Amino acid sequence: MLALKPSSLTHDQQSFSASTITAVYPVRTLGEVLPFHQFETVTISQNGNTILSGLVSSIEKTYSGSSRAWKIVFSDPWYYLDNCFALDSEWKPVFSMWQSTGGGNEIIPKISISSALSRVLNLAKHHPADYELRISDDKMLIPWNASCDTLGSLLQSIRHWSPRMVTYYDYSGARPKLIITDYDVLTPISLPLQPSNDVKAMDVSLVPRADLVPPCVAIVAETTGSNGYRVSYLSKYPEDGDPTLPHSIVYRTSVDFYYSKYNSTGEPVEDPQPVQGTKAGSLSYQRMKVTGTRINQNDMINSFWKNHFPWMKDVDALAAYDQEPVITGKPWDGTEEDKPKGYNTTATGYELTDGQIHTKSIRPQWCNATIKQRLAIPESAPAKWREKFKNIGTLEGKPCFWEEFSVDLVTMDRPFASYPIDGIYNGEQPSNGPEEGESPEPSEGVPYGDIAKTVWESMQELPWDGSISFVALGEAQTRQYMGRRVSLLGGNPAWQNINTMIQTVNRDLQTNVITLSYGAPEQLGIEEWVELKRVNATSRRSSTLENMQGAPESTEYAFDPKPESPTISQHITKSTGEATPAPEYGFQVRVQKDTEGAITGAQIKPGALYLNGHLLGKYPQGGSSGSSWVQLTQTSGEVWLNVHFDKEAQLTGVDVSGIPGPVYPIPLLDYTPGPHPDVNFDYTFLIADIEDDQVTQYALGMIQIPVFGGTFYPYGPA
């Protein structure tokens, strides 16, 4: 094939894209003279048959350890279509697909696929190949305007309307010929799963993709009427189809063509005449982009809580007391009639961070939700943080303070969604209602009725996705696979009737291993299909559905096409931890719980003791690890504070017990110098009662020691 001996030689065929042969040549030094120059024309043959005639599109020198090589990519003539812009007459960077009637006064509202392809290819003056259209199903499509698009991207946009079209180059003549066909023209191929004269070592990976088959295709248009701007059906297929069903497709055209029973002078006509209601130009209004941030339940502190409670960023050793948050979608609090179409209480994977969601949109799915989680700090944390964590517990066997934090917010089911802010939304029946006295159904003879049908029919044949690989023998090595229906015999019965076209063909020209890929074309991959199903979808190419809306001229509106505004934006309500923490009082008793809610201990806050107005101190004492709380030896029952004085009324000790101590109050005597009764004085006070996990508090704040004779403090237990 080539004078040099490459270590790797692969042929990648792509439909509606450049096909390439990639060769890797080992060399001794990267300074050796290259055998090719970039953009040099080449012809590559195999077994005497030309398999690519084009140019050197890329030359790369690679260096890895002791390995040095040239990687050279050869591209077929589609390279010129991908890199040359479509410039219409007078070198204007605007390409119009619209056609006019003979007099030039009326715009024809549709165009056949073959005519659209020819209009593009006739501009490709640098394309070194002829072209031939072999279209058996020459359906109609809605024209559009495009600006600064390449020839290749325009052809790919046309392919949206007939996904089973395929391209390949025929090199059998004196000049390469681009063949654009649909697989109805190509003979189906059947391959055996077992080794045969054509195939051996077959590997299969196929998945049925019924989700890519739209149950309904609808076409809508903006129109004017006595009550101003509205949206109405032009056509849908099947006629009894429901465009609000999942996976339906809704196309939008900004130019309202309809058939009138009267001519331009107002006289009735026998045959309805096509009339352009408005020349609105491109009604590509501003699009609303809705974005969301994934709620990472494995790292809630850093990814979520610190964003909603910024002060947490300064807290050291913050930990999750609950390993997972509780995320609850709230039921719609309005009437079922007013319930937004996309409201779904299970749509809690992403937090709405930017944009607004319209109540008529079914994408994204969204809901009002509450996210709760208990967080903890160690017992040794600074006091300023302990004030925000009011509960005591244990985490991994160590005492801690915890608090439950919660946020009410809007969540949704995906990281990104977009829609035009013009009153048309995914899943919404694309009509703002008929004019008074009008029928809500499309009138007979609407020009787009056949388009909805043919689009629906063309998309019924994409049920499989995946690939098959095999070692090709004999005729199978040079067979044209692109665009054909390739079924498999001798295995899964469902594989014997595959109607999905081949998307790409990869050949290893040294080992004859061929890989055939099924499914939507690369330009109609999964993400493109999602975009295609959105009304007025956007794409990286300016000529896709959004620019399929342009009319050839623009005029001033005689009405106010004010679009509906989105209504749902993010609204966040924070609770706990954000408000001022509850105060702590002397002699307050609280229980400690582990992460499962089981009681593991109890604590008491030291309180002030006074005698005759003088502060004796705060008791009980014994807080450790920087905590001002004292651990109790009990987790249930009554909590008593026993206070002891000597015979001169000097405090000698304070202890906490589950039972009351003795009571002998200090009498109201004249403590002058001299001998005093040899007796100690005692008091006992009921502080609290712990029952299960509830604490009933009897004393709180401070205790004034009563003196007998000056008060009514009785003998016996207090």
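Which residues does glutamine 365 touch, once those up to four places away in sequence are not counted? In this predicted model, glutamine 365 touches Lys341, Gly342, Asn344, Ala347, Thr411, Met412 and Asp413. Glutamine 365 is placed in the loop between E25 and strand E26, the latter covering residues 366–378, and one of the residues on that list, asparagine 344, also takes part in a polar contact, in which its side chain and the side chain of glutamine 365 are 3.2 Å apart.

With that one residue in view, the reader can step back to the chain as a whole. The chain has 718 residues, of which 48% are buried, and it holds 7 helices and 46 strands. When contacts with a separation of 6 or more are considered, 69% of them are accounted for by residues 24 or more positions apart.

Among the strands, a set of 9 forms an open sheet, whose order is E3-E4-E5-E2-E1-E32-E33-E30-E16 and whose pairing is antiparallel. The edges of this sheet are strand E3, residues 41–46, and strand E16, residues 199–208, each of which pairs on one side only. On average, and with direction ignored, neighbouring strands of the sheet are turned by 25 degrees against each other. As general background, strands of a sheet pair through backbone hydrogen bonds, either parallel or antiparallel. One pairing to follow within the sheet is that of strand E4, residues 49–64, with strand E5, residues 67–75, which run in the antiparallel sense over 9 bridges; here leucine 55 stands opposite serine 75 in E5.

Leucine 55 appears again in the surroundings of phenylalanine 74, for when neighbours within four places in sequence are left aside, phenylalanine 74 is in contact with Ser19, Thr20, Ile21, Ala23, Tyr25, Phe36, Val42, Ile44, Leu52, Leu55, Val56 and Ser57. Phenylalanine 74 also has a place in the largest nonpolar core, which has 52 residues, and Phe74 and Leu81 are the ones that touch the most other members. The element that gives the most to this core is helix H2, residues 113–121, with 5 residues. Helix H2 is itself mostly covered, since 7 of its 9 residues are buried, and these are Ile113, Ser114, Ala116, Leu117, Ser118, Val120 and Leu121. In soluble globular proteins, nonpolar side chains tend to be buried together.

Another pair of strands lies further along the sequence. Strand E37, residues 607–611, and strand E38, residues 614–619, pair in the antiparallel sense over 5 bridges, with alanine 608 standing opposite lysine 618 in E38. Together E37 and E38 form a hairpin with 2 residues between them, and asparagine 612, which is in the turn, has a positive phi of about 55 degrees.

The charged side chains add another kind of link, with 9 salt bridges counted in the model. One of them joins the side chains of aspartate 408 and lysine 330, at 3.4 Å from N to O. Because aspartate 408 lies in strand E28, residues 398–412, while lysine 330 lies in the loop between strand E24 (326–329) and strand E25 (350–354), this pair ties together parts that are 78 residues apart in sequence. Aspartate 408 is partly exposed, with a relative accessible area of 23%, and lysine 330 is likewise partly exposed, at 32%.

A second salt bridge is formed by the side chains of glutamate 132 and arginine 134, at 3.0 Å from N to O, and a network of salt bridges links Glu132, Arg134 and Lys177. Glutamate 132 counts as partly exposed because its relative accessibility is 28%, and arginine 134 counts as partly exposed at 29%. Aspartate 413, one of the residues that glutamine 365 touches, meets arginine 414 in a further side-chain salt bridge, at 3.1 Å from N to O; aspartate 413 is partly exposed, with a relative accessibility of 29%.

The last stop is serine 248, in the loop between strand E18 (230–237) and strand E19 (249–253). Is serine 248 buried or partly exposed? At 6% relative accessibility, serine 248 counts as buried, and its side chain reaches the backbone oxygen of aspartate 242 at 3.4 Å.

Note on methods:
Residues are numbered from 1 along each chain as its sequence is written. This is a predicted model: local features need pLDDT of at least 70, side-chain atom pairs count only at pLDDT 80 or more; totals for chains, interfaces and linings use all residues. Side-chain values use heavy atoms; hydrogens and water are left out. A salt bridge is a side-chain nitrogen of Lys or Arg within 4 Å of a carboxyl oxygen of Asp or Glu. Buried means under 20% relative accessible area, exposed over 50%, partly exposed in between (1.4 Å probe, protein chains only). Helices (H or I, at least four residues) and strands (E, at least two) are DSSP runs, numbered from the N terminus. A polar contact is a pair of N or O atoms within 3.5 Å; within protein, one must be able to donate a hydrogen and the other to accept it, and residues adjacent in sequence count only if both atoms are side-chain atoms. Contact means heavy atoms within 4.5 Å. A nonpolar core is a set of buried Ala, Val, Leu, Ile, Met, Phe, Trp, Tyr and Cys residues joined through side-chain atoms within 4.5 Å. Two strands pair if DSSP finds at least two bridges between them. Axes are lines fitted to C-alpha atoms, for helices over the stretch in contact, and angles run from 0 to 180 degrees between N-to-C directions.
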